[in-house]
Amino acid sequence: MKISILDQAPISSGYTPKEALEASAGLAQAGERLGYTRYWIAEHHDLSGLACSAPEIMLSYIGAKTEKIRIGAGAILLPHYKPYKIAELFNMLATLFPDRIDLGIGRAPGGSAEAAMALSDQFLEGVRKMPETVKDLLQFLNKDFPEDHMFSRISASPVPKVSPEPWILGTSCKSALMAAENGAAYAFGQFMSEKDGEEIIRQYRKNFKVRGSLQQPKVVLTVSAICAETAEEAKKLALSSMLWRMKTDKGEGNHGIPSIEEAKSYFFRNVNQDPFNKKSSLIIGNPKNVAQELRDMQHRYQADEIMIVTIVHRYEDRLRSYELIAEEVLS
């Protein structure tokens, strides 16, 4: 089973954004050493607790610190940008780091309505035009605009020997069908969706059309997991993530990922808010249990690859979680 890393560049309480981004680079290096297939970093804007607003900058930094692991954006939020500029950015990365660059494309705002307005006062129009802009972006990457199209006269330079691999990211049938129609690989965000992912992925595979270099459907399933030597330790680590998400949902997560002590204190004071009481998509456990759950999910969703996002307070614990999973799955 292939496994990969999705990094949201979390900022833990007591740490700085610089430390969070340096930890992200360290995680990519560790992923390469451990045998992970790819490392993606996400784009977020003015979201407390998340440090990366510009994946393209972090990828140039991480690419220079790694040698072979595939690196990419998970995702570039296309409604904010012009396709030509994104093609230039990722062609430049693919020139610097040959045959290693993935370009994940998403349509979420990546932050508040105010942040979306600050980035582009036409965000909703950008969402509406996504089918057109995705097609333009792929044609810039593939250099296959029709001869009578005005964009056929320009290149998204520098043009690399191997183009970035495009992926459509999403949590709905709409995104799956967009990926299928454009012949792109598809990444389904199971960790942030309550929809029937199995059916969505089936629709992607059923409707896939060969449009570019990808000759058959390719699916990554993105899941949230926390692994430790024991299930008890993993549950303790998960408290930080659960409290942060609760507070973020309420607009209160201004101080980053809380420590385990902060989380324990909160749930002790608020006994009616049992973090493990309601159904969660978060996988928590020891290496054998987590690995088995990942294998079960891969089989159930018929995914080619599992991508894992892990948020805990201490960066050392996050790294150890990825180490334990790799040792169990890839050994």
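Q: Which exposed residues does helix 11 carry on the face turned away from its buried side?
A: In this predicted model, that face carries K288 and H299. To be called exposed, a residue needs over 50% relative accessible area, and under 20% would make it buried. K288 and H299 are classed as exposed.

Q: What makes one side of helix 11 the buried side, and which residues are buried there?
A: The buried residues of helix 11 are P287, V290, A291, L294, M297, Q298 and Y301. They span an arc of only 125 degrees around the axis, and therefore they sit on the same side of helix 11. Their packing partners are strand 6 (185–189), helix 8 (197–207), strand 7 (219–227), strand 8 (283–285), strand 9 (305–309) and helix 12.

Q: How do you know what span to expect of helix 11?
A: Helix 11 runs over residues 287–301, which is 15 residues. The expected span is 1.5 Å times one less than the number of residues, and for helix 11 that comes to 21 Å. From first C-alpha to last, helix 11 reaches 21 Å, close to the expected value.

Q: Why is R300 called neither buried nor exposed?
A: R300 belongs to helix 11, and its relative accessibility is 40%. Buried requires under 20% and exposed requires over 50%, so R300, at 40%, counts as partly exposed. As for its place in the fold, R300 is 98 residues from R202 in sequence, while their C-alpha atoms are 11 Å apart in space.

Q: What is notable about the phi of Q302, and where is Q302?
A: Q302 has a positive phi of about 55 degrees, although it is not a glycine. Most residues other than glycine have a negative phi. Q302 follows helix 11 and lies in the loop between helix 11 and strand 9. Its relative accessible area is 47%, which means that Q302 is partly exposed.

Q: Why is D46 called exposed?
A: The cut-off for exposed is over 50%, and D46 has 71% relative accessibility, so D46 counts as exposed. D46 lies in the loop between strand 2 and helix 2. Its phi is near 55 degrees, a positive value in a residue other than glycine.

Q: How do you know which peptide bonds are cis, and what are their omega values?
A: The bond from G74 to A75 is cis, with omega near 15 degrees, and A75 is found in strand 3 (residues 70–77). Another cis bond joins S157 and P158, with omega about 0 degrees. P158 lies in the loop between helix 6 and strand 5. Most peptide bonds are trans.

Q: Is E323 buried or exposed, and what is the value behind the label?
A: E323 has 16% relative accessibility, so it counts as buried, the cut-off being under 20%. E323 is found in helix 12 (residues 315–330). Leaving aside its neighbours within four places in sequence, E323 is in contact with R33 and L34.

Q: Which elements help to cover the buried residues of helix 1?
A: Strand 1 (2–7), strand 2 (38–41), helix 2 (55–65) and helix 12 are among them. The buried residues of helix 1 include A20, L27, E32 and L34. Helix 1 (residues 17–34) reaches 25 Å over its 18 residues, close to the 26 Å expected. Just after helix 1, G35 takes a positive phi of about 100 degrees.

Q: How many residues does the largest nonpolar core have, and which have the most contacts inside it?
A: The largest nonpolar core has 80 residues, and Y36, Y39, F90, Y204, L221, I308 and I325 have the most contacts inside it. A second, separate core has nine residues, including I226, A234, L237 and L282. In soluble globular proteins, nonpolar side chains tend to be buried together.

Q: What makes an empty space a cavity here, and which residues line the largest cavity?
A: A cavity is a set of points where a 1.4 Å probe fits but cannot get out. The structure holds one cavity of 30 Å³ or more, and the volume of the largest cavity is about 30 Å³. Its lining consists of L6, D7, Q8, P10, L27, V309, T310, I311, R318 and Y322. Strand 1 and helix 12 each supply at least two of the lining residues.

Q: Which element gives the most to the lining of the second largest pocket?
A: Helix 6 does, with six residues. This pocket has a volume of about 540 Å³ and is lined by 24 residues, of which L138, N142, N182, R211 and G212 lie nearest its centre.

How values were computed. Residues are numbered from 1 along each chain as its sequence is written. This is a predicted model: local features need pLDDT of at least 70, side-chain atom pairs count only at pLDDT 80 or more; totals for chains, interfaces and linings use all residues. Side-chain values use heavy atoms; hydrogens and water are left out. Helices (H or I, at least four residues) and strands (E, at least two) are DSSP runs, numbered from the N terminus. Buried means under 20% relative accessible area, exposed over 50%, partly exposed in between (1.4 Å probe, protein chains only). Contact means heavy atoms within 4.5 Å. A nonpolar core is a set of buried Ala, Val, Leu, Ile, Met, Phe, Trp, Tyr and Cys residues joined through side-chain atoms within 4.5 Å. The arc is that of the directions from the helix axis to the C-beta atoms. On a 1 Å grid over the protein atoms alone, a cavity is a set of points where a 1.4 Å probe fits but cannot get out, and a pocket is an open set with protein on both sides within 12 Å along at least five of seven lines; lining residues have an atom within 4 Å of a point. Grid points are joined across faces, edges and corners, and a volume is the space filled by probe spheres set on the points.
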